[in-house]
Amino acid sequence: MVIGITQEQHPQRCELWAQWEQVDWPILWDPFNLTGSAAVPIAMAVDEHGVVQNMRLQPQKFEQQFKQDFLAKEFPAPKDLTRRTALHADPQIQALLHSELNAQQWQKALAGFKADTKPTATKNMQHSDDQNAAAWFRLGVAHRMRYDSTHAHADDFQIALQSWQQALKLNPRQYIWRRRIQQWGPKLDKPYPFYNWVSQAQMQIKKRGLTPIELPVPLGAVAASGEDGAQPEAGVPRDQKARIAIESALAWQTPSPRNSKKPVSTARVHLALRPDSKHQVEWGDDVGPVEIWLQPMYGWQLEQNHLVLAADPRLPKQRLQKVSFEVKRDQAASANELKPAATVLKGTAFYYICVGADGECTYLAQDFEIELTSPAGS
Amino acid sequence: MLQNRLRRPTLFDSRNNRSGLLGAFLAVLCCGFGFTANSSAQQSGLFAQGQLLPDLELPTIDGSRRINLAELPAKKVLLIQFASW
């Protein structure tokens, strides 16, 4: 039999892949990296007694390693029946893997994950550091899970990224954790384009007459179209009642495992615009899209300074709208001691919204600021 | 990562134990990018050569059931850790 274990935050992506590849063997979901593996793929041959006989099957040697050396052989029952135990039985992890939580349950679970990140005093310092690093990773996973739920807090995504960065700082050679950050980070930090098979998979699945598995969470970082045009007049009224909440998260490039102290210079900024559901705020897609203008900053290069989000009347009117763009430190300007680089990115979002059951619609603007502080503080 | 996809058998069938298993392996290798930290390592996290599978229960990706690696049927298993990124 074949069993897979996927090391991903969002299982639907692997579900889509399995649908595309017509996989009929079970694939287990391990978002918390409970296996403790530092990289994938790893293929193992496990005998009929449950003993791992080969940890490193290779495709070019599969015939020899798996078919001849393994399938054809009978293995004796093991004498040592001890097993390593994972944290899957931990109540916090159980809750997040198998349940829908309410707001209070989320609060309690995240407090538990946070408590786990406190270093524990043990004789084996390396073991303590490794456990601590894994606890930071799990905290990040939990915060990202809440961010993807209906109980999201505005800073959940940023806390997730910071927790993963902390985990990676403690264990720079953990590539599962590194990839968890990189899928949200700058383009140049990616070793290859992640999930670039998705469009083709969706197309081919549809050709078979099937409906592709839905991906509720957008893939990594998506940039909006940037068009030339003048910023709207300054007289646009400000959204004093915060009918739209603007949330931000910075995904800095991951430090090199060989030189983790070298300052990082590029980040992908993620913005999310969340309508106030209590007051039944909806996007005015029929009228026009959300536009965001970013102010140029000394010492930084902006990928774009004008972002236009898609306006589609067919989309849910209270949806969370997301966009991302990159910022890169200008090294020459940064070296100018007489004029320090800016540390705050400023921008303004302009949007059409309708409020309440009567649907009173209006055009508003909201100014925002984002602090640009890299994990190394440089 | 499409550019690294190998040509491989079309649609493996895990009930066909020969080509099916190789097909499963290659399909995952194409999409489960990453690299093993050490190609000759005999241990990775909770897994170690010569030792029983760990006590680890996880849900399936569609959430329909849970499987504990310590409670698998008495059969030979090809266990693949990967990711679809």
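How many bridges join E7(A) to strand E12 of chain A, and in which direction do the two run? I opened the notebook with this, and I found three bridges between E7(A) and strand E12 (residues 344-355) of chain A, with the two strands running antiparallel. I note at once that this is a predicted model, and that the model scores ipTM 0.82 and pTM 0.84.

**Entry 1: strands around E12(A)**

I stayed with E12(A) and looked up its other pairings. Within the E7(A) pairing, I wrote down that A:Val281 has A:Val355 as its bridge partner in E12(A). Strand E8 (residues 291-294) of chain A is also joined to E12(A), by four bridges and again antiparallel, and there the partner of A:Glu291 is A:Phe350. I then followed A:Phe350 onwards, and found that its bridge partner in E13(A) is A:Ala365. That pair belongs with the 12 bridges that join E12(A) to strand E13 (residues 360-371) of chain A, once more in an antiparallel arrangement.

**Entry 2: A:Asp276**

Next I looked at A:Asp276, which I located in the loop between strand E6 (266-275) and strand E7 (281-283) of chain A. Is A:Asp276 buried or partly exposed? I counted 16 other C-beta atoms within 10 Å, and because a residue needs 20 or more to be buried and 12 or fewer to be exposed, A:Asp276 is partly exposed. Setting aside neighbours within four places in sequence, I listed its contacts as A:Ala242, A:Arg243, A:Ala245 and A:Val281, and A:Val281 is the residue whose bridge partner in E12(A) I had noted above as A:Val355. I also checked A:Lys241, which is 35 residues away from A:Asp276 along the chain, and the C-alpha atoms of the two are separated by 9.7 Å.

**Entry 3: chain A as a whole**

I stepped back to chain A and counted nine helices and 13 strands in its secondary structure. Its C-alpha atoms fill a box of roughly 80 × 60 × 45 Å, taken along the principal axes, and 37% of its 378 residues are buried. Looking at contacts in chain A between residues at least 6 apart in sequence, I found that 65% of them join residues at least 24 apart.

**Entry 4: the nonpolar core**

Which residues touch the most other members of the largest nonpolar core? They are A:Met44 and A:Leu161, in a core of 102 residues, and helix H5 (residues 125-147) of chain A gives the largest share of this core, with 10 residues. For A:Leu161 I wrote out the contacts beyond four places in sequence, which are A:Ile181, A:Trp184, A:Ala249, A:Leu250 and A:Ala251. For A:Met44 I looked up the strand pairing instead, and its bridge partner in E5(B) is B:Leu79.

**Entry 5: a sheet with strands from both chains**

That partner led me to an open sheet of five strands with mixed pairing, in the order E2(A)-E1(A)-E5(B)-E3(A)-E4(A). At its edges I found strand E2 (27-29) and strand E4 (52-54) of chain A, each of which pairs on one side only, and the twist averages 30 degrees from one strand to the next. Strand E3 (residues 42-46) of chain A and strand E5 (residues 77-82) of chain B run antiparallel and are joined by five bridges; besides the partner of A:Met44, I noted that A:Ala43 has B:Ile80 as its bridge partner.

**Entry 6: where the chains touch**

How many residues of chain A are in contact with chain B? I found 71, and they contact 58 residues of chain B. Several elements give two or more residues to this side of chain A, including strand E1 (2-6), helix H2 (62-71), helix H3 (91-98) and helix H7 (175-182), while H1(A) gives the largest share, seven residues. By kind, I sorted the residues on this side of chain A into 42 nonpolar, 15 polar and 14 charged.

**Entry 7: a caution about chain B**

Finally I checked the confidence for chain B, where the mean pLDDT is 71 and 59% of the residues reach 70 or more. Over residues 1-19 of chain B the pLDDT stays under 50, although the model has 32 contacts for them beyond four places in sequence. The pLDDT is also below 50 over residues 32-40 of chain B, a stretch with 24 contacts in the model beyond near neighbours in sequence. I remind myself that predicted coordinates should not be read in detail where pLDDT is low.

Notes:
Residues numbered from 1 in each chain as written. Chains lettered and ligands numbered in written order. Predicted model: local features only at pLDDT ≥ 70, side-chain atom pairs only at ≥ 80, totals over all residues. Core = buried A, V, L, I, M, F, W, Y, C linked by C-beta atoms within 7 Å. Contact = placed C-beta atoms within 7 Å. pLDDT = per-residue confidence, 0-100. Pairing = 2+ DSSP bridges. Axes fitted to C-alpha atoms, helices over the stretch in contact; angles between N-to-C directions. Nonpolar A, V, L, I, M, F, W, Y, C, P; charged D, E, K, R; others polar.
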